[in-house]
Amino acid sequence: MFSYNFKYELKQLLRSRWIQLLSIVLLLLFGFSTFNGIQKVEKRKKDITTAQEEVKENDAMMLKLLDSVERGLEVSASPWTIPTSPMAVGNYHPRVAAMEPQSMAFMATGQADLFTHYVKPTVSGDDFALNFTEMTSPVQLLFGSFDLAFVIVYLLPLLIIAFSYNVLSSEKESGSLRLLAAQPIGIQNWVLQKLGLRFFWLAVLVLIALTVVFLVHGINPFAQAAVYFGLLGIVLTYMLFWFALAFLINLWVGSSAKNAVALLGLWVVFVLLVPSVLNQMGNTLYPMPSRTLMINEMRSLKAEVTARQDEILDNYLRDHPEYALNDTTQTRSFWHRYMASQSLIKKELSPVVDAYEEQLQKQQDWVGRFKWISPAIIAQESLNQMAGTSTQDYESFRKQVIGFAASWREHFMPFLYNNQSFSQQDYPNLPKFVYTNTKTSVQNRVLLILGLSVLVYLIGILMYKRQTKNNLLAT
Amino acid sequence: MIITNNLTKKYGEQIALDHLNLNVKEGEIYCLLGANGAGKTTTINLLLGFITPTSGSAFINQLDVQENPKATKRFLAYIPENLMLYPNLTAVENLDYFSGIAGKTLSRSDLKIVLEEAGLQSEAFENRISTFSKGMRQKVGIAIALAKEAKVLLLDEPTSGLDPKASNEFGVVLQKLREKGVATLMATHDLFRAKEVATQIGIMKDGQLKQQFAGHDITLPELEKAYLSTMDYKELVS
């Protein structure tokens, strides 16, 4: 039976122009979404490059000024910006801490709209409160704009539904089912083969369309083979899940109209409702502390600390005798007091910041625990991770920037407390930020979606066995 | 070849078929006559295994239909009232597909020979089914039976809607199949065609087989009279 189904299914799909229609639709959707994604990535790269160029120009000016000062020439600059002061360097000549887009970032650019991709931490910046967590909803973080991930997660299931909702019901409605059922075949196997073949041809079209679109846009998919095959793995298993649902509905429901409504209902449930319910429940169970409250607390604490900066500095020097020993001139500038107070502010604010981050983490964990309910969440999350735009990626970037900001500040502390000037020789030793990508493997997620597909398939078989044949074949 | 033993089908309290006993032997054509709802299609559905009997049993080539649903279908061919094939495939392709899934692999030239044997004009072989008349589709259905080398043919009102010429051609093909030893059970309203082709005729009413005749023992007017009186159309009988 399989060889005949294989031979004639393709003929029928070609003659009914399904293959041609799907090819055009897939090329258009993949083409536009990839173009859209690439534009966003290019903008992100441009923003980072502009920031880096600015730093470069700024550094050139700084080195020129340092050279003039070191040669005893008069310079026309505000005294507090002259880079012999380490605090002037730390404050007015920050490095760019950038999250360079990964090679396949165009696939899922959704969160690129929400998060910052570069920061310039200064010695006076509040690195502990870096503005990375404006968006607190984990599911909202998952879904983004019209990119490849949107096409795959939202639109591809709709194409699959249109392609598969009436495989059995159309046979029943046209009358050919009775002729088929009079042959020595199992209807259940026949439906499975028909849907399997439609899955196969759609998978071939998706594979070709994706590869063509990538090559047209100048992306070599095989240069990032692991990510490309990961993408294919997610797309194919996600498609398989929807075909498994179509199998269940074809065997279970009946008329074409009912099948279409049932499958669209399931699309709403898996793609819209489950993520939204998980989000709502996450917000209800683990409500985020008010960000305004956190900012207010930071401000009042700063004001309080500023009022007792001398006392704090004394305490700080008691804790850091290495700086006190060198404090021969006993000159205590604004910076001495400010820097000493920073660690205290950070320490005292940590419960507020930690509570905020803890709740965010709990929300993420909540979604993580129940994401298997919807393959749409698993697919979107996987695509975001492969693109390097997942919540985990931004969280990792945030932590890396916080670490860098601390090392940037620490770098200038010996200069400050040893009353040491910054010179041209010190320039090459300035800390540099290097972003490290989070390691991603979608293998487990592929297996998870595969498992869900098998489960749906088994439910379909069980349902078919339980329903009477009368519904299907009696006239 | 086709045997039913007290075959009964009930839908709740309603009896669709009531203790039907039939025996259609090799090379016989049994025509089941009866008004709508008499139980003709129910009998065919039970023989095809599409529905399960309430009691009794049905056998095709000595195999119980309920116990061997797939095996019995290897021996039978079925032509419904409106034979629907795949409109985007040609006659040859439809025949190749249906005989193929039934386990009979034929070459393209063999497929054409079978279609010719079924009475389809050769110029229609490579035309899509969407352009075919009902009579032409019925011929493809017969070709499927021939290709399958079916021992049993189940026909559900196959001549309804056919013009006299097509109906006559259909009758000729049935006779050919009979000569090959095929056992045919045909449910029909067409008394004339039944008299023409049948070796046995049964009249059904309310799920029961009321009368049986040998085809050669009865004339068309006698058959018509027997049918009308069985249906209680007394005013028409006179």
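This is a short walk through a two-chain model, one selection at a time. Keep in mind throughout that the model is predicted.

**Stop 1: chain A as a whole**

Select chain A and switch to a cartoon view. You will find 18 helices and 2 strands in chain A. Of its 475 residues, 37% count as buried. Look at how the chain folds back on itself: among contacts in chain A with a separation of 6 or more, 86% are between residues 24 or more positions apart.

**Stop 2: helix 10 of chain A**

Now select residues 256–285 of chain A, which form helix 10. How far apart are its end C-alpha atoms? They are 41 Å apart, which agrees with the 44 Å that 30 residues should span at 1.5 Å a residue.

Follow helix 10 until you reach Leu273(A), where there is a kink of about 40°. The proline Pro275(A) comes shortly after this kink.

Next, colour the buried residues of helix 10. Before the kink residue in numbering you can pick out Asn259(A), Ala262(A), Leu263(A), Phe270(A) and Val271(A). Continue along the helix to Pro275(A), Leu278(A), Asn279(A) and Gly282(A), which are buried as well.

**Stop 3: Ile187(A) in helix 8**

Stay in chain A and select Ile187(A), which belongs to helix 8, residues 187–216. Is Ile187(A) buried or partly exposed? With 18 other C-beta atoms within 10 Å, Ile187(A) is partly exposed, because a residue needs 20 or more to count as buried.

Add Tyr464(A) to the selection and draw a distance between the two C-alpha atoms. Ile187(A) and Tyr464(A) are 277 residues apart in sequence, yet 10.0 Å apart in space.

**Stop 4: chain B as a whole**

Hide chain A for a moment and show chain B. Its secondary structure comes to 9 helices and 10 strands. The radius of gyration of chain B is 18 Å, close to the 18 Å given by the globule rule for 238 residues, so chain B is as compact as a globular protein of that length. Along the principal axes, its C-alpha atoms fill a box of roughly 50 × 40 × 30 Å.

In chain B, 47% of the 238 residues count as buried. Of its contacts between residues at least 6 apart in sequence, 67% join residues at least 24 apart.

**Stop 5: strand 3 of chain B**

Zoom in on residues 29–34 of chain B, which make up strand 3. Here 6 of 6 residues are buried. Show the side chains and compare the two faces: Ile29(B), Cys31(B) and Leu33(B) point one way, while Tyr30(B), Leu32(B) and Gly34(B) point the other.

Which strands pair with strand 3? One is strand 8, residues 183–188, which runs parallel to strand 3 and is joined to it by 5 bridges. To see one of these pairings, select Tyr30(B) with its bridge partner Leu185(B) in strand 8. Strand 9, residues 200–205, also pairs with strand 3 in the parallel sense over 5 bridges. Select Cys31(B) here, and look opposite for Ile201(B) in strand 9.

**Stop 6: where the chains meet**

Bring chain A back into view. The contact takes 25 residues from chain B and 22 residues from chain A. On the chain B side, helix 1 (40–48), helix 2 (69–75), strand 6 (76–79) and helix 3 (91–101) each supply at least two residues. Finish by highlighting helix 3 of chain B, which gives the most to this side, with 5 residues. If you colour the chain B side by residue class, you will see 15 nonpolar, 6 polar and 4 charged residues.

Note on methods
Residues are numbered from 1 along each chain as its sequence is written. Chains are lettered from A and ligands numbered from 1 in the order in which they are written. This is a predicted model: local features need pLDDT of at least 70, side-chain atom pairs count only at pLDDT 80 or more; totals for chains, interfaces and linings use all residues. Helices (H or I, at least four residues) and strands (E, at least two) are DSSP runs, numbered from the N terminus. The expected span of a helix is 1.5 Å times one less than its number of residues. The bend at a residue is the angle between axes fitted to the seven residues ending there and the seven starting there. A residue is buried if 20 or more other C-beta atoms lie within 10 Å of its own, exposed if 12 or fewer, and partly exposed in between; C-beta atoms are placed from the backbone. The radius of gyration is taken over C-alpha atoms; the globule rule is 2.2 Å times the number of residues to the power 0.38. Two residues are in contact if their C-beta atoms, placed from the backbone, lie within 7 Å. Ala, Val, Leu, Ile, Met, Phe, Trp, Tyr, Cys and Pro count as nonpolar, Asp, Glu, Lys and Arg as charged, and the others, Gly among them, as polar. Two strands pair if DSSP finds at least two bridges between them.
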